[in-house]
Amino acid sequence: MARIPEPVADFLNVRRIAVAGVSRSTKSAANPVFRKLRDSGYDVFPVNPNAPQVEGVTCYPNLASIPGGVDAVMVATHPDVSAGIVKQAAAQQIMRVWFHRSFGQGSVS
């Protein structure tokens with residue numbers, strides 16, 4: 001079995017993870033990440049300021065609105081939005097931030 005790199009293991013060692021960029025459309029890159037984390041037993045919180053609900057669960061407009069906060073954030077947003085998510089994470093003292101990368105530059109700005 002392949003060894004998980006230490007930064008990945010550290011990120012996945014928490015239980016409460018926000019996924020920024022989920023969409024009402026299941027074609028968003030964030031939605032499969034959200035589902036995989038949820039199905040793996042994590043407490044996962046979708047974040048999208050334009051969707052009150054995603055995939056049958058409450059969606060939060062920002063990180064500060066998640067009850068009880070989170071330990072980590074997966075950023076799967078457009079690059080124009082990513083810096084704002086990182087600022088939100090810093091304001092909430094969330095030290096684990098992962099930028100999703102799929103096609104092109106992904107969420108990296």
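Which residues does Val19 touch, not counting residues up to four places away in sequence? The answer is Ala30, Phe34, Leu37, Val44, Phe45, Pro46, Val47 and Met74, where a contact means heavy atoms within 4.5 Å.

Before going on, a word about the model: it is predicted, so local features need pLDDT of at least 70 and side-chain atom pairs count only at pLDDT 80 or more, while totals for chains, interfaces and linings use all residues. Residues are numbered from 1 along each chain as its sequence is written, and side-chain values use heavy atoms, with hydrogens and water left out.

Val19 also belongs to the largest nonpolar core, which has 17 residues; Ile17, Val19, Val22, Leu37 and Val44 have the most contacts inside it. Such a core is a set of buried Ala, Val, Leu, Ile, Met, Phe, Trp, Tyr and Cys residues joined through side-chain atoms within 4.5 Å. Buried means under 20% relative accessible area, exposed over 50%, and partly exposed in between (1.4 Å probe, protein chains only). Strand S1 (16-20), helix H2 (30-39) and strand S5 (72-75) each give two or more residues to this core, and H2 gives the most, with 4 residues. Helices (H or I, at least four residues) and strands (E, at least two) are DSSP runs, numbered from the N terminus. Apart from this core lies another, of 13 residues, including Phe45, Val47, Tyr60 and Ile94.

Now to two loop residues with positive phi, neither of them a glycine.

| Residue | Phi | Loop between | Relative accessible area |
|---|---|---|---|
| Glu55 | near 50 degrees | strand S3 (53-54) and strand S4 (57-58) | 28%, partly exposed |
| Gln93 | about 60 degrees | helix H3 (79-91) and strand S6 (96-99) | 67%, exposed |
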